[in-house]
Amino acid sequence: MLHLRGMKLKNDLLLRTIGGETVERPPVWLMRQAGRILPQYRALRAKLSGFIELVRTPELAAEVTIQPVDELNVDAAIIFSDILVIPEAMGLPYEMVEKRGPLFPNTISSQTDIERLTSGTPAADELNYVYEAIRITKRELAGRVPLIGFCGAPWTILSYMVEGSGSKTFSKARRFLIQHPEAAHQLLDKITETSIAYLKKKIEAGVNLVQIFDSWAGILSPSLYREFALPYISRMCESIQAVPKIVFAKGAWFALPEFGQLDCEAVGLDWTVEPSWGRAQLGTQQVIQGNLDPCALYGAHDQVRTATLELINKLDARHIVNLGHGVYPDTPLDSVRTFVQTVQNYRYS
Ligand code: CP3
């Protein structure tokens, strides 16, 4: 299917924007657009044993990936999967507990646990169902919009592997950094090598760009973030050269000047960052992605429109419009449409 990689996209606005070209309007997509908010997703999901079955069935994952493109007309698709397939491929399977979230029956608590984990290409080879889902999605999208591949940043993946589930504080994971710094670095190294091999295989399968999600960046102190998170994201960025990269680190406003030095084309801002302040901290090299408060979509349509235009006007034309984090499951679809259409009707003067 190599010819599909070279296929010209009908809508390449996202790639032109991230490539630094002058564009007519900003592109728009939503983090966590695949699944959650769409009735079609919920209907399909209800017929299956659970989330993990959907993730592991390439035809269905492809279908769910394309649903928001059909339904919301967004400027990009993001492959339906989860960041937690990486721990699983390394030897730490997860479960998805209904209404509660991820749960790891086994967690990492010692050096021996880390030594037992598979990593790098052999681990990435376990995820053929993801690469197959990408190939099917590319074929079915037939060049309508670019396809985004993603993975978690090493620190966020470590948090789940050590903590074993979601948590308000992730204090077990943070404590691991303090009490076992060498083991933590060893684990981060293994996660990084696996994630690099994984992204490379996703790119081979056809994704046009990639995003790294550091969802738990904001719970580390700046000094811990600089020691245990940034160097690994930096290594990932340097290792991936074939496609553009977006780094989204929620809550890591303090590291924006360092993100400005990363070898990545775009940086995501969460909604607590004032866009003009974010631009000043980041510098001028990269495109900014974000950062409407996901709760803004609970407003009336004119509120959604006003907030969206305000956001566009606060930034220059090197901007990918998105939310400041994933869209919430109970967001009214009509508000999402208003958000997308407001961006798509906009023209830079
Ligand atoms: O963006 C997309 O639409 C692509 C799909 C995607 C999912 N998870 C599907 C999913 C992406 C990009 C992710 C990433 C992810 N997964 C992150 C990073 C992004 C973020 O929001 O910070 C994190 C932290 C996870 C871990 C995870 N997966 C949690 C905490 C949960 C439970 C809560 C929830 O609904 O988000 C999941 C489950 C999950 N991943 C669902 C979906 C559609 C819901 C599962 C269901 O259908 O019941």
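Below, a visitor asks how certain labels were reached in this predicted model, and a guide answers.

Visitor: Why is Tyr41 called buried?

Guide: Its relative accessible area is 8%. Buried means under 20%, so Tyr41 is buried.

Visitor: And is Phe80 buried or exposed?

Guide: Phe80 has 5% relative accessibility. The limit for buried is under 20%, so Phe80 counts as buried.

Visitor: What makes Tyr41 and Phe80 an aromatic pair, and why is the pair called tilted?

Guide: A pair of aromatic rings is described by the distance of the centres and the angle of the planes. For Tyr41 and Phe80 the centres are 5.7 Å apart and the planes meet at 50°. Centres within 6.5 Å make a pair, and planes neither under 30 degrees nor over 60 apart make it tilted. Therefore Tyr41 and Phe80 are a tilted pair.

Visitor: Why is that pair said to tie parts together?

Guide: Tyr41 is in helix 3, while Phe80 is in the loop between strand 1 (77–78) and helix 6 (85–90). The two parts are 39 residues apart in sequence, so the pair ties them together.

Visitor: How do you know that Tyr131 and Tyr198 form a tilted pair?

Guide: Their centres are 6.1 Å apart, with 55° between the planes. A pair needs centres within 6.5 Å, and a tilted one has planes that are neither under 30 degrees nor over 60 apart. Both values fit, so Tyr131 and Tyr198 form a tilted pair. Tyr131 belongs to helix 9 (residues 128–141) and Tyr198 to helix 12 (residues 181–205), 67 residues apart, and the pair links these distant parts of the chain.

Visitor: Are Tyr131 and Tyr198 buried or exposed?

Guide: Tyr131 has 3% relative accessibility and Tyr198 has 1%. Buried means under 20%, so Tyr131 is buried and Tyr198 is buried.

Visitor: How many aromatic pairs does a search of the whole structure find?

Guide: The search finds 14. There is also an aromatic cluster formed by Tyr225, Trp253, Phe254, Phe259 and Trp277.

Visitor: What makes Lys202 lie over the face of Phe150?

Guide: Lys202 is 4.5 Å from the ring centre of Phe150. The distance limit is within 6 Å, and the charge must also be within 35 degrees of the ring normal. The value of 4.5 Å meets the distance limit, and Lys202 is listed as lying over the face of the ring.

Visitor: Why is Asp125 called partly exposed?

Guide: Asp125 sits in the loop between helix 8 (120–124) and helix 9. Its relative accessible area is 34%. That value is neither under 20%, for buried, nor over 50%, for exposed, so Asp125 is partly exposed.

Visitor: What makes the approach of Asp125 to Lys201 a polar contact?

Guide: The side chains of Asp125 and Lys201 come to 2.8 Å. A polar contact is a pair of N or O atoms within 3.5 Å, where one must be able to donate a hydrogen and the other to accept it. The 2.8 Å value is within that limit, and the two side chains make a polar contact.

Visitor: Where is Thr194, and why is Thr194 called buried?

Guide: Thr194 is in helix 12. Its relative accessible area is 0%, and buried means under 20%, so Thr194 is buried. A polar atom of its side chain lies 2.7 Å from the backbone oxygen of Lys190.

Visitor: Why is Thr22 called exposed?

Guide: Thr22 has 77% relative accessibility. Exposed means over 50%, so Thr22 counts as exposed. Thr22 is in the loop between helix 2 and helix 3. From Thr22 to Tyr348 the C-alpha distance is 9.7 Å, although 326 residues separate them in sequence.

Visitor: Which label does Arg32 get, and why?

Guide: Arg32 has 40% relative accessibility. This lies between the limits of 20% and 50%, so Arg32 counts as partly exposed. Arg32 is in the loop between helix 2 (13–18) and helix 3, and its phi is near 65°, a positive value in a residue other than glycine.

Notes:
Residues are numbered from 1 along each chain as its sequence is written. This is a predicted model: local features need pLDDT of at least 70, side-chain atom pairs count only at pLDDT 80 or more; totals for chains, interfaces and linings use all residues. Side-chain values use heavy atoms; hydrogens and water are left out. Rings of Phe, Tyr and Trp (its six-membered ring) pair if their centres lie within 6.5 Å; planes under 30 degrees apart count as stacked, over 60 as edge-to-face and the rest as tilted. Helices (H or I, at least four residues) and strands (E, at least two) are DSSP runs, numbered from the N terminus. Buried means under 20% relative accessible area, exposed over 50%, partly exposed in between (1.4 Å probe, protein chains only).
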